[in-house]
Amino acid sequence: TTTIIYGNSGCGKSHLAALWQKKNKAILIPTEYFIVRAEVPVIDHGRCYVLEDIEHVCNEEMLFHFLNKITESRGFLLITSN
């Protein structure tokens, strides 16, 4: 399951994401991961993940594979975006 929170800068997206991350013991995947790394992060079955500022991701192919792995693993992903 993937949920996207979007809105203007300063409206509280990161605050909500941090609360959700803490409550669900989610793993934060930094946007930079998709720039410096060449492989998709390891995804644990049913685990929760947070990806903030998705608009900064340059490697769209890797992002596509990441989203597919979340779905395959029955994981949960919270995305924030402007």
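This section describes the fold, the nonpolar cores and selected residues of a predicted model.

The chain contains three helices and four strands. Read along the sequence, these elements follow the pattern β-α-β-α-β-α-β. The radius of gyration of the chain is 12 Å; a compact globule of 82 residues would have a value near 12 Å, so the two agree. Along the principal axes, the C-alpha trace spans about 30 × 25 × 15 Å. Among contacts with a separation of 6 or more, 65% join residues that are 24 or more positions apart.

Of the 82 residues in the chain, 35% are buried. The accessible surface amounts to about 5400 Å², and carbon and sulfur atoms account for 54% of that area. The chain carries 8 positive and 9 negative charges, and the mean positions of the two sets lie 13 Å apart.

In soluble globular proteins, nonpolar side chains tend to be buried together. The largest nonpolar core in the model holds 15 residues, of which Phe34, Leu51, Leu63, Phe66 and Leu77 touch the most other members. At least two residues of this core come from each of helix 2 (33–36), strand 3 (48–51), helix 3 (60–72) and strand 4 (76–81). The most is given by helix 3, which supplies four residues. Leucine 63 touches Phe34, Leu51, Ile54 and Val57 when residues up to four places away in sequence are not counted. A second core, separate from the largest, has five residues, including Ala17, Ala26, Cys48 and Leu78.

Tyrosine 6 is placed in strand 1, which covers residues 2–6. The relative accessible area of tyrosine 6 is 65%; because this is over 50%, the residue counts as exposed. With residues up to four places away in sequence left aside, tyrosine 6 touches Lys13 and Ser81. Tyrosine 6 and leucine 77 are separated by 71 residues in sequence, and their C-alpha atoms are 14 Å apart in space. Leucine 77 is itself one of the residues that touch the most other members of the largest core.

Two loop residues other than glycine have a positive phi, namely lysine 25 and aspartate 53. Lysine 25 lies in the loop between helix 1 (13–24) and strand 2 (27–28), and its phi is about 50°. With a relative accessible area of 65%, lysine 25 is exposed. Aspartate 53 is found in the loop between strand 3 and helix 3, with a phi near 55°. The relative accessible area of aspartate 53 is 30%, and the residue is therefore partly exposed, given that this class lies between 20% and 50%. Both elements flanking the loop of aspartate 53, strand 3 and helix 3, supply at least two residues each to the largest core.

Glutamate 72 is in helix 3. The residue is exposed, with a relative accessible area of 63%. Glutamate 72 and glutamate 60 are twelve residues apart along the chain, and a distance of 18 Å separates their C-alpha atoms. Helix 3 thus holds an exposed residue, glutamate 72, while also giving four residues to the largest core.

Definitions and conventions. Residues numbered from 1 in each chain as written. Predicted model: local features only at pLDDT ≥ 70, side-chain atom pairs only at ≥ 80, totals over all residues. Heavy atoms only, no water. Core = buried A, V, L, I, M, F, W, Y, C linked by side-chain atoms within 4.5 Å. Buried < 20%, exposed > 50% of the residue type's maximum accessible area, 1.4 Å probe, protein only. Contact = heavy atoms within 4.5 Å. Rg over C-alpha atoms; globule rule 2.2 N^0.38 Å. Areas by Shrake-Rupley, 256 points an atom, 1.4 Å probe, with all protein chains shown as cover. Lys, Arg positive; Asp, Glu negative; His and termini not counted. Charge placed at Lys NZ, Arg CZ, Asp CG, Glu CD.
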